[in-house]
Amino acid sequence: MHCAACVNTIEGALAAVPGVEEASVNLGTAQAHVRGRGLDPERLVAAVRESGYGASPLDAATPGEQEAAARRQTREMLRRTVIAAALTVPVVVFSMADVMFRGRNLLLLVLTLPVYLWAGSPFLKGALQTLRHRTANMDTLIATGTTAALLLSIAATFFPRVAAAAPGAAASSGSRGMSPVYYEAVGVILTLILFGRYLETRARGRTSAAIRKLLELAPRRARLVSHDGAGEIEVPLADVRVGARLRVKPGDSVPVDGVVRSGRSAVDESMVTGESIPVAKEPGNRVLAGTLNGDGVFEMEATAVGGQTALSQIVRLVQQAQASKPPIQRLADRVAGVFVPVVLGIGIVTWVAWYVLGPEPRALLATVALASVLIIACPCALGLATPTAILAGTGRGARHGILFRNADALEGARKITLVLFDKTGTLTEGRPRLTDRVQLAGVAEERLLGTAAALELASAHPLARAIVDAARERGIAPPKVEAFASRTGLGVVGRIGGAPSVVGNARLLEEEGIDASAVREELVRFAAEGKTPLLVAADGRLLGVLAVADREKPSAAPAIARLRAQGLEVAMLTGDREDTARAVAGRLGIDEVFAGVLAADKESHVAALQNRGERVAMVGDGVNDAPALARADVGIAIGAGSDIAVEASDVTLVGESLDNVPAAIALSRATLATIRQNLWFAFLYNALGIPIAAGALYPLTGWTLSPMIASAAMAASSVSVVANSLRLARRRLP
């Protein structure tokens, strides 16, 4: 249970900690709320730790420190798993191959003790701590089952004659009459469950990488303009104060939020706003930290620095959204909370019944029956039910280009009711292209496109590159341009063959005294279709119009149709204009549209949808999508997009195609169905095996279930679970 999810009831958290289900509690984002309500967060951390769960205020550390701590934790879990496996393999070989030699059992004990005492210590500590608080979870079953098997094996090792007298011992002791031991059961159970914990820890350890990459967008230094305005000095970003005058040169990242005071340029804000077209900046316009300046020079006045910048706010949003995600509903643990006390109760009743009513040696027979009950109830299959299905499901997804970060993503995707798409770079290609051309009478395509390409060749604007690329594809060589000049926010002008030529918007042609009324209807139509019209004129005469647009991906419409067929709602979220967004949504079959949304507001739109009862999957690719991806119930990043979006998401789709969005949801539903089936398999064996292990058939048939047979039954249930999970590897995805 994450503390961010219980801030509204934090006053009762100290009393409620014994019921905490999550094995790792992140308190960093909740500390301010805790202190604000008169509670001591350190006391809360200590109380959670005492309850048997880990608690660490990770958000209080820097992103780098968080990553280092996560890596250390992952390496430690991997080390435990590898060493446990290395020690368990020879134990299994000697046991299963029926290898007999003097001192064999003692050797198996020496190999098993480190696995039990060191590698399995997290389970033993967890069981002891939950016992102190009168609760039970998976650790309780793991600890009781392995402890019973180990103690019985130790007794058989040092008192072989007594152990060999137990019914069923001869059948389970090998061909040479040696007393039965169950060291391999101890090692295999602990190793398999450690491996599952390692996979979970590795997935969790990557969450802080998104925050670190966000912070890397901001430059480390800034150009501080001198008081007389004649010179400049580079200073560390930390030394910049509100009101400082800064100079931003071509190719520089804007250091802080501010307002342009002099100069003009076009700034690429795609890393913050997600829009691929640079925005013209002139005096009075706002600029944001982390955005990339084009080929102009401007001076700006700092209005927000440090933690007050828009980039820092995005970082905080990612942190808060990640911390507020609900943990996966751990069905196995909740069931274990009831199952464990029941099994322990059956075990105690079994021991007492055998001790009071059973034949001699009563104490040994009672202990053997108790061990059989605990071993057959040991949650090997229960522990495998979820991780094997998740491994099979995620493996199937990986081969299909769907990368799930963790089990939370698999479970969350099944519950989705609405899929929210970012537009630019997600539903569209993110690269403007020439889509239409309108030539006036008597104007050849070569002249129209050649004139536009000649003027745009000297510009770095994405729209310019679209025109130049279109001319190159058609084999049109642009003529030479003289007296080239860029009009920020309007277009470009120059002279071609001595004639003044213009490419730009209607306002630029109006300033140049060129009549554009002949294409007024086309301008209205292109705007309604979400396209950007570029008017081309030469020698005072309009030549025609070129329309440039960011085209929809071919996979977008089919993917949306399949999502609707799965019973899901589909909506679009974009920072683009309303008319452009509506045009794209209409062509793709999307009804609900949120347009003109800034980066910080995207996350709040996701939260608003959640507040109305929707389970939201956010699909995006840009830095500006990171907070929304993290806030959503499931964040789905397009793998061809920014690394930050990928790190903030729960699911990554390799490549640019959207075909795998409905496939990911279908795979999630199939995986969760398999987990439920696995749990039924696991409990079916327990329901049948526990009464037999307890001796229910002994009065009628004289049959008892030795711990070795119990161990074999437990293995059979595990095989059933694994086989059922492997069916996912062959499942066909839509």
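**View 1. The whole chain, with 51% of its 734 residues buried.** Here, buried means under 20% relative accessible area, with over 50% called exposed and partly exposed in between, using a 1.4 Å probe and protein chains only. This is a predicted model: local features need pLDDT of at least 70, side-chain atom pairs count only at pLDDT 80 or more, and totals for chains, interfaces and linings use all residues. Residues are numbered from 1 along each chain as its sequence is written, and side-chain values use heavy atoms, leaving out hydrogens and water. The chain holds 30 helices and 23 strands; these are DSSP runs numbered from the N terminus, helices being H or I with at least four residues and strands E with at least two.

**View 2. Helix α5, residues 104-119.** Let's follow its 16 residues, which reach 22 Å from first C-alpha to last. At T112 the helix bends by about 30 degrees, with the proline P114 following within four residues. The bend is the angle between axes fitted to the seven residues ending at a residue and the seven starting there. T112 is also one of the buried residues of α5, along with others including L108, L111 and Y116.

**View 3. Strand β18, residues 541-549, and its partners.** Eight of the nine residues of β18 are buried, so the strand is largely enclosed by the rest of the structure. Strand β13 (residues 433-439) pairs with β18 in the antiparallel sense over six bridges; pairing requires at least two bridges found by DSSP. Look for L434 opposite V548 in β18.

**View 4. The hairpin of β17 and β18.** Strand β17 (residues 532-538) is antiparallel to β18, with seven bridges, and A537 stands opposite L542. Two residues lie between the strands, and D539 in the turn has a positive phi of about 55 degrees.

Methods: Expected span 1.5 Å × (residues − 1).
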